[in-house]
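Me: I've got this one open at the bench and would like a close look at a single part of it. Could you pick a good place to start, stay with it for a bit, and then walk me outward from there?

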Amino acid sequence: MSQLHTIPRPLVRLNQWTILLSVILSWVTGITWILVIPLAANLLGILCNYNPILRIGKLFLTKVPSTYIPEDAQQQKFNSSIASLCLAVGLLGYLLHWQVVGHIFTGMVAIASSIAIAGFCIGCFLHFQLKQWQYRRSLKKSF
C-alpha cells in the first residue's frame, strides 16, 4: 500500500508568501527577474519533487513535520502547475514588453496566493471540480 504524501501547512504557506511577495517586489521595483525565484522553485517541485523554498523552510519548523496540519502533495503539485504557468506567461509578457499580459498573469497568481493565504484555495477548488468531472465521465463510459 502506498503511503499518502503530505506537506506541512507552514511550508505550503511559505511557498504562497514567496509567490505573493515576489510578484509585489517585481511590480514595485520593476525587476521582473524576481519572478524567476518562485517559478524555478515550483517547476523543480513539479518536475523533480524538490522545491528549494520548501526544503529551506523545513529547516525552520519548530515541531516534527507530521504534527502540522497536512496538505496533500498531489494537490500542491496541481496548484504549483497553475502558479508556474501564470508566472511563466507573466514573465514572458514582461520580457516581450507586453506589460498588460505580464500584469494580468502575475496579478492572477498574486490574487490566488492572497486568497489561499486567507484560507480559500482556488487551485484546490479547481482540482476538486476536475476530479468530479473525471469521475462523472468515467461513470458514463462504464454504461
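Reply: Let's start at R9, which is partly exposed, with a relative accessible area of 29%. That label fits because the class runs between the 20% limit for buried and the 50% limit for exposed. Keep in mind that this is a predicted model. R9 forms a salt bridge with E71, and their closest N and O atoms are 2.7 Å apart. The count of salt bridges in the structure is 1. R9 sits in helix α1 and E71 in strand β2 (residues 70–72), so the pair ties together parts that lie 62 residues apart in sequence. What about the other end, E71: buried or exposed? E71 counts as buried, at 14% relative accessibility, because buried means under 20%.

Now follow the helix that carries R9. Helix α1 covers residues 9–29 and packs with α5 at an angle of about 145 degrees, the two axes being 9 Å apart. The crossing of α1 past α5 is left-handed. On the α1 side, the contact is made by R13, Q16, W17, I19, L20, V23 and W27. Facing them from α5 are H103, T106, G107, V109, A110, S113, S114, A116 and I117.

V109 from that list deserves a closer look. V109 belongs to helix α5 and is buried, with a relative accessible area of 4%. Leaving out residues up to four places away in sequence, V109 touches I19, V23, A83, C86 and L87. I19 and V23 are among the α1 residues in the helix contact. If you want a distance back toward the start of the chain, V109 and P10 are 99 residues apart in sequence and 19 Å apart in space, C-alpha to C-alpha.

Back on α1, have a look at S22. S22 lies in that helix, and S22 is buried, with a relative accessible area of 6%. What does S22 touch, once residues up to four places away in sequence are left out? The partners of S22 are I34, L35 and P38.

Next, the outside. I115 is in helix α5, and at 31% relative accessibility I115 counts as partly exposed. I115 helps make a nonpolar surface patch of about 580 Å², together with I82, I111, F120, I122, F125 and L126. Which helices each supply at least two residues of that patch? They are α5 (99–118) and α6 (122–141). The largest share, 3 residues, comes from α6. So if you click through α5, you'll meet V109 buried and I115 partly exposed.

The loops have a few spots to check too. N49 is in the loop between α2 (36–48) and α3, and N49 has a positive phi of about 55 degrees although it is not a glycine. N49 counts as exposed, at 51% relative accessibility, because exposed means over 50%. H97 has a positive phi as well, about 65 degrees, and is not a glycine either. You'll find H97 in the loop between α4 (73–95) and α5, where H97 counts as exposed at 64% relative accessibility. Then there is L59, in the loop between α3 (52–58) and β2. L59 counts as exposed at 69% relative accessibility. L59 and T29 are 30 residues apart in sequence, and 29 Å separates their C-alpha atoms in space.

Finally, zoom out. The chain has 6 helices and 2 strands, and along the sequence they follow the pattern β-α-α-α-β-α-α-α. Its C-alpha atoms fill a box of roughly 50 × 45 × 30 Å, taken along the principal axes. Of the 143 residues in the chain, 36% are buried. The accessible surface comes to about 9200 Å², and carbon and sulfur atoms hold 71% of that. What share of the contacts with a separation of 6 or more comes from residues 24 or more positions apart? The share is 70%. The R9–E71 pair we began with, 62 residues apart in sequence, is a handy place to return to when you turn the model around.

Note on methods:
Residues are numbered from 1 along each chain as its sequence is written. This is a predicted model: local features need pLDDT of at least 70, side-chain atom pairs count only at pLDDT 80 or more; totals for chains, interfaces and linings use all residues. Side-chain values use heavy atoms; hydrogens and water are left out. Helices (H or I, at least four residues) and strands (E, at least two) are DSSP runs, numbered from the N terminus. Buried means under 20% relative accessible area, exposed over 50%, partly exposed in between (1.4 Å probe, protein chains only). Contact means heavy atoms within 4.5 Å. Accessible areas come from the Shrake-Rupley method with a 1.4 Å probe; for residues, only the protein chains shown count as cover. Patches are made of residues with over 30% relative accessible area and no salt bridge: like charges are joined within 9 Å, nonpolar side chains (Val, Leu, Ile, Met, Phe, Trp, Tyr) within 5 Å. A salt bridge is a side-chain nitrogen of Lys or Arg within 4 Å of a carboxyl oxygen of Asp or Glu. Axes are lines fitted to C-alpha atoms, for helices over the stretch in contact, and angles run from 0 to 180 degrees between N-to-C directions. A crossing is left-handed if the near helix is turned anticlockwise from the far one by less than a right angle, and right-handed if clockwise.
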